[in-house]
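Please look through the model below, one helix to begin with, then the packing and the enclosed space.

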Amino acid sequence: MTLKYLITGATGGLGEQVLNYFVSHVPTSEFAAASSNASNRARFEDRGIAFRHVNYDDHESLDTGLHDVENLLFVSTNVFDNERREKQHRRLIDAAKKAGVKHVWYTSLAFGGFSNDSKAAVQQVHLITEKLLKESGLTYTSIREGVYTEAFPVFLNWYPDSTTVTLPADGDIAFTRRAELGEATARLMIKGGYENEIVLLTSGETITVKEIVDIINETTDRQVKFEIVSPEEYARVHGANDQGGKPQAFFEMVATWWADIANGELRTTHGLMREILEREPTKPRDALRELLTENRDFTWHQNYVGPR
C-alpha cells in the first residue's frame with residue numbers, strides 16, 4: 001500500500017511540529033513518522049501513528065523505510081561534521097531515487113536567502129544537497145527554513161545569568177518561530193506543487209542583537225550589556241569558560257556565522273510563509289517577548305554540550 005506522506009526526523013524539533021499538524025489535519029492512514037532510532041516505534045504506534053525506521057547511516061533501513069512513499073519530508077541531519085552530514089544526505093537521496101519516491105521535501109536553511117553563493121559554513125551542505133537533489137532527477141522542493149527564534153540563546157551565547165552578550169558582529173536576522181515553520185512546512189506538503197523549486201519560509205521582519213538584548217532587559221528586568229569584540233577575542237574568551245561546555249572550535253565556527261550575518265545572509269524575508277499560514281507569522285520582537293514572559297530564564301538545548 002502506498003504511503004502518501006513520510007515524515008523523517010519526527011522526534012526532532014521541526015519534524016515533530018510537522019507531524020503535529022498532520023495528526024490534527026490528515027487521516028492517520030495517509031502518513032507515517034520516521035526516526036533514526038527503531039526504539040521510538042512504540043512512541044508513535046501507541047498514538048495510532050504508523051512508524052518506519054529510517055536511519056541515514058543504515059542502507060537497509062533506508063531501503064525498507066522509503067518503500068512505496070509518495071511525499072518524503074527529508075529533514076536534514078543535525079550533526080556539525082559537514083563531511084558526515086553530506087554522506088548521510090547522499091545516502092538518503094540515493095535511497096529515495098531507488099525507492100521511487102514521487103516528491104522529496106527537503107528542509108534546508110535560510111542563510112543567503114534565495115542565493116546559491118552563501119559563504120556560511122553552516123549552509124554549505126544544504127547547497128550541496130540541493131545540487132544533489134537537482135542532479136538526481138527526483139522531483140524535489142528545497143524549503144529554506146528561517147532561523148528558529150527559540151535558538152537565540154545559542155546565537156548570542158546567552159544564559160539566564162549572563163550580564164554581557166559579547167559577539168564579533170551584529171546584523172539583521174529574520175528569526176522565525178519553530179512551531180510556525182513546522183505548520184507552514186506541513187501545509188506546503190499537503191498543498192503540493194513547487195516542483196523543483198527553492199522556497200523560503202521566514203517571518204516578515206528582522207531583528208538585531210542590540211534589539212534582542214533590549215527586549216531581554218525590558219521583559220525580564222535585567223541589565224544585560226552588549227559589546228562587540230574581535231572574532232579572535234570572542235572565540236578565545238567564550239572557549240575558555242563557556243558554561244555550556246562548548247569548545248573554542250565551536251566559537252571559531254560561530255564567529256564565521258556572525259561575519260556572514262553582518263553581511264546580510266539572514267536578512268532576506270519572504271511572503272510565502274504568510275501566504276501558506278493564511279496569517280502573519282509572529283514577528284521576532286513579539287516572539288521573543290512571548291518566550292521570555294513565559295520563562296524569563298529561557299534556555300536552548302544546543303547551547304549546552306550535554307543533554308538538557
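How many residues has helix α7, and how far does α7 reach from its first C-alpha to its last? This is a predicted model, in which local features need pLDDT of at least 70, side-chain atom pairs count only at pLDDT 80 or more, and totals for chains, interfaces and linings use all residues. Residues are numbered from 1 along each chain as its sequence is written, and side-chain values use heavy atoms, with hydrogens and water left out.

Helix α7 spans residues 178–191, has 14 residues and reaches 20 Å, close to the 20 Å expected at 1.5 Å a residue. Ten of the 14 residues of α7 are buried (under 20% relative accessible area, 1.4 Å probe, protein chains only); among them are L181, A184 and M189. After α7 comes G192, with a positive phi near 80 degrees.

The largest nonpolar core (buried Ala, Val, Leu, Ile, Met, Phe, Trp, Tyr and Cys residues joined through side-chain atoms within 4.5 Å) has 39 residues, of which F152, F155, L156 and W258 touch the most other members. Its largest share, seven residues, comes from α10. Beyond its neighbours within four places in sequence, F152 is in contact (heavy atoms within 4.5 Å) with residues including W158, I216 and F298. A second, separate core of 30 residues includes L181 and A184, both of which are buried residues of α7.

Last comes the enclosed space. The largest cavity (a set of points on a 1 Å grid over the protein atoms alone where a 1.4 Å probe fits but cannot get out) has a volume of about 40 Å³. Among the residues lining this cavity are A110, I173 and R267.

Definitions and conventions: Helices (H or I, at least four residues) and strands (E, at least two) are DSSP runs, numbered from the N terminus. The expected span of a helix is 1.5 Å times one less than its number of residues. Buried means under 20% relative accessible area, exposed over 50%, partly exposed in between (1.4 Å probe, protein chains only). On a 1 Å grid over the protein atoms alone, a cavity is a set of points where a 1.4 Å probe fits but cannot get out, and a pocket is an open set with protein on both sides within 12 Å along at least five of seven lines; lining residues have an atom within 4 Å of a point. Grid points are joined across faces, edges and corners, and a volume is the space filled by probe spheres set on the points.
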